[in-house]
Amino acid sequence: MSLTQAESVRRSFREFVCRHCCTDPASVILETTLIRNGSYCGRRFSLSGYSIIWFIDEQQVKLFGRDGGLIRSMSTAEFCDVAPTISIASPIRRAA
């Protein structure tokens with residue numbers, strides 16, 4: 001049985017977080033539904049200080065570190081393929 005896209009994003013995010021910190025693989029991911037202009041537009045997942053925002057229409061994922069800084073932005077398909085191997089050594093810097 002194949003995973004739904006939401007299950008795939010959730011699984012990939014969990015694998016990423018577990019690789020980068022001592023998180024129990026059974027920990028509950030906090031999931032929030034995102035609404036824009038009254039319409040469903042995506043989900044936010046949070047676990048152990050890391051979070052992602054998954055924009056459904058754009059098929060884009062933004063990964064944020066424990067400090068809230070953007071680590072990487074990529075397509076949903078790319079995120080699901082490479083999430084466990086993403087390095088957090090050089091997050092994208094935000095303008096002051």
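This predicted model holds 0 disulfides. A disulfide is a covalent bond between the sulfur atoms of two cysteines, and here the sulfurs do not come together for one. Take Cys18: the closest cysteine sulfur, in Cys21, is 7.0 Å away, so the two are too far apart for a bond. For comparison, the cut-off for calling a disulfide is 2.5 Å between the sulfur atoms. As for their surroundings, Cys18 is partly exposed, with a relative accessible area of 26%, while Cys21 counts as buried at 13%.

Let's turn to the nonpolar core. In soluble globular proteins, nonpolar side chains tend to be buried together. In this model, the largest nonpolar core has 21 residues, and Phe13, Phe16, Ile52 and Phe79 are those with the most contacts inside it. Two helices give two or more residues to this core, H1 (5-20) and H2 (76-82), and so do the strands S2 (39-47), S3 (50-55), S4 (60-64) and S5 (70-75). Helix H1 provides the largest share of the core, 5 residues. Apart from this core lies another one, of 6 residues, including Leu34, Phe55, Phe64 and Leu70.

Ile52 is a good place to look at the large core in detail. Leaving aside neighbours within four places in sequence, Ile52 is in contact with Val9, Phe13 and Phe79. Its contacts also include Arg43, Arg44 and Phe45, as well as Val61, Lys62 and Leu63.

What about a polar residue in helix H1? Ser12 has its place in that helix, and at 1% relative accessibility it counts as buried. Where does the side chain of Ser12 reach? It reaches the backbone oxygen of Ser8, at 2.9 Å. Beyond its neighbours within four places in sequence, Ser12 is in contact with Phe79, Cys80 and Ala83. Phe79 is also on the contact list of Ile52, and it is among the residues with the most contacts inside the largest core.

Finally, follow the chain through strands S1 and S2. S1 covers residues 30-36 and pairs with S2 in the antiparallel sense, over 7 bridges. Within this pairing, Thr32 stands opposite Arg44 in S2; Arg44 is also one of the residues in contact with Ile52. The two strands form a hairpin with 2 residues between them. In the turn sits Asn37, with a positive phi of about 50°.

Technical notes: Residues are numbered from 1 along each chain as its sequence is written. This is a predicted model: local features need pLDDT of at least 70, side-chain atom pairs count only at pLDDT 80 or more; totals for chains, interfaces and linings use all residues. Side-chain values use heavy atoms; hydrogens and water are left out. A nonpolar core is a set of buried Ala, Val, Leu, Ile, Met, Phe, Trp, Tyr and Cys residues joined through side-chain atoms within 4.5 Å. Buried means under 20% relative accessible area, exposed over 50%, partly exposed in between (1.4 Å probe, protein chains only). Helices (H or I, at least four residues) and strands (E, at least two) are DSSP runs, numbered from the N terminus. Contact means heavy atoms within 4.5 Å. Two strands pair if DSSP finds at least two bridges between them. A polar contact is a pair of N or O atoms within 3.5 Å; within protein, one must be able to donate a hydrogen and the other to accept it, and residues adjacent in sequence count only if both atoms are side-chain atoms.
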